[in-house]
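Reader: I should be grateful for a close look at a single part of this model, namely the surroundings of the bound ligand. Please treat the matter in one connected account.

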Amino acid sequence: MSKSLHVIVLAAGQGTRMRSSLPKVLQPLGGRPLLTHVVEAAEALEPARIHVVYGHGASQVQSALGYLDVNWVLQEQQLGTGHAVDQAMADVPDDGEVLVLYGDVPLIKSHSLKDLLTAGSDEALALLTLVVDEPGSYGRILRDDDNRVVGIVEAKDATRDQLFINEINTGIMCAPAKQLRSWLAQLNNDNAQGEYYLTDVVALAAQAGTRVVAGQAGSPDEVQGINNKADLAVAERVLQRQHAEALLEAGVTLRDPARFDQRGTVTAGADVSIDVNVVLEGEVILGDGVTIGPNCVLRNCRIGNRTNILPSSVIEHAVIGDNCQVGPFARLRPGTVMEARSKVGNFVETKKSRLGVNSKVGHLAYVGDATVGADVNIGAGVITCNYDGANKHETIVGDGAFVGSNSSLVAPVEIGSHATIGAGSVITKNAPPNTLTVSRNRQSSIDGWSRPRKKLSQ
Ligand code: UD1
Ligand code: CA
């Protein structure tokens, strides 16, 4: 009979070595808190319950991640990893199986965990270990003459000889709940750090005659512990390489996989091409044949088929149709909708605005709180004056309108369909359809006028 699986994630530590006001488990990896990566790996195992032991920065952790479907267990004082697991054991039944994950070991893959769970079949303690060249500050796996695992010694407690051991503890282990509970009750804090070490249960298990199996981790990347910003930076590169490999595998062209960052999820159609230094955040959906030029940032947006995003554009919470063109140097802010074949050119900012089919805002314009119809041309330097200092107002531009360069559309205002607005106009009243509306001083020339001359100095 398979036991019910309870995953305990340890996330209460301060992470002093991060030197940050943000608790360690909230530090971003791939744009998301470390802890979310671990919880996702746990969820893939479909456990009976996931318990997260939290403590340091409790309110920050709760407000950032309170939405997670987990049992939050408060460890008020961080007395060590053994003490932390013990806090969660109150909610784990005796016939359960416990898998311990560390909130600061975020790149663990669920298939490695499945292998470990299989290895640690009934009545055995299973550890995930790894042989490395530089064991550094990791706990060392102790084996007897018959090569059986008999304990773990922390680097800080190790003898000089033990420090040479290059099989390390990844921190990940699984054990039957009943036995684990009794081993935890026997822990003491008589060690270099004055903490109740979870690692000490290994020796207790071995002494009690319990089989201890050591499963080898798939790769060092997967089990890297993150204790400081240097570790975090290394893990970020590992994750980004994985993202890039997944996209390449899916047929996306990445001009340089090492200069691409994905901080969320990306769905890409066929023949998508992404140039260097592109950052994709949140949920980004790219249609077939989309090209993204160098130095673009796209956050939570959907880009239609065959649309080209030219260099150095920033796009956030926008929906862009098929065959559109954006940039270079365009900024599409939240609520921008571009219909098919529309174009937003250089140094144009849009916000909460819809641009109809085949409409163009080519240069140096601001379009905010506007609904622009189809086949509209908005000239260079046009500004929708949407804000009166207190409230935002809307601008409506009908189909086929032509708004001359450097016009100011003072909202609320409506430009009729096929209307033409003369360049440099300040439009404060609705402009009728099919008509030229001009609002500016008439040009005059003064004959015989001469420029002032500079006085001669004496
Ligand atoms: C731990 C292991 C070490 C292993 C390494 C792998 C112990 C004693 N040592 O060392 O053998 O090689 O991980 O990365 O387990 N935590 C709590 N409550 C506490 C203390 C810690 O929740 O009271 C959490 C931390 O937030 C962290 C995890 O447990 O997520 C590990 O704690 P940390 O202090 O980073 O242990 P290491 O020194 O890395
Ligand atoms: Ca650690």
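Which pocket is the space taken by ligand 1? Please describe the residues around that ligand, and then place the site within the rest of the chain.

Author: The model is predicted, and the description below should be read accordingly. The space that ligand 1 takes is the largest pocket. Three elements each give two or more residues to the shell around the ligand: strand 1 (5-11), helix 3 (81-89) and strand 10 (167-176).

The shell itself comprises 24 residues that surround ligand 1. The closest of these are Gly-13, Gln-75, Thr-81, Glu-154 and Asn-169. By chemical class, the shell residues divide into eleven polar, nine nonpolar and four charged.

Several polar contacts involve the protein backbone. A polar backbone atom of Gly-13, which is among the closest residues, lies 2.8 Å from an oxygen atom of ligand 1. Leu-79 also offers a polar backbone atom, at 3.3 Å from an oxygen atom of the ligand. For Gly-80, a backbone N or O atom is 2.8 Å from an oxygen atom of ligand 1. Ligand 1 taken alone exposes 760 Å², and the protein buries 91% of that area.

To place the site in the chain, one may turn to the domain assignment, which gives domain 1 (5-223) and domain 2 (251-437). The centres of domain 1 and domain 2, taken over C-alpha atoms, are separated by 49 Å.

Some details of the backbone elsewhere in the chain also merit attention. Gly-327 and Pro-328 are joined by a cis peptide bond, with omega about 0°. Pro-328 belongs to the loop between strand 21 (325-326) and strand 22 (331-332). A cis peptide bond also runs from Ala-411 to Pro-412, where omega is near 5°. The loop that holds Pro-412 lies between strand 34 (408-410) and strand 35 (413-415). Finally, Ser-312 has a phi near 60°, a positive value in a residue other than glycine. Ser-312 is found in the loop between strand 18 (308-309) and strand 19 (314-316).

Technical notes. Residues numbered from 1 in each chain as written. Chains lettered and ligands numbered in written order. Predicted model: local features only at pLDDT ≥ 70, side-chain atom pairs only at ≥ 80, totals over all residues. Heavy atoms only, no water. Near = heavy atom within 4 Å. Polar contact = N/O pair within 3.5 Å; in protein donor to acceptor, adjacent residues only side chain to side chain. Areas by Shrake-Rupley, 256 points an atom, 1.4 Å probe, with all protein chains shown as cover. 1 Å grid on protein atoms, 1.4 Å probe; cavity = no way out; pocket = protein on both sides within 12 Å on 5 of 7 lines; lining within 4 Å. Sits in = over half its atoms within 2 Å of the grid points. Helix = DSSP H or I, 4+ residues; strand = E, 2+ residues; numbered from the N terminus. Nonpolar A, V, L, I, M, F, W, Y, C, P; charged D, E, K, R; others polar. Domains from an automatic or database assignment.
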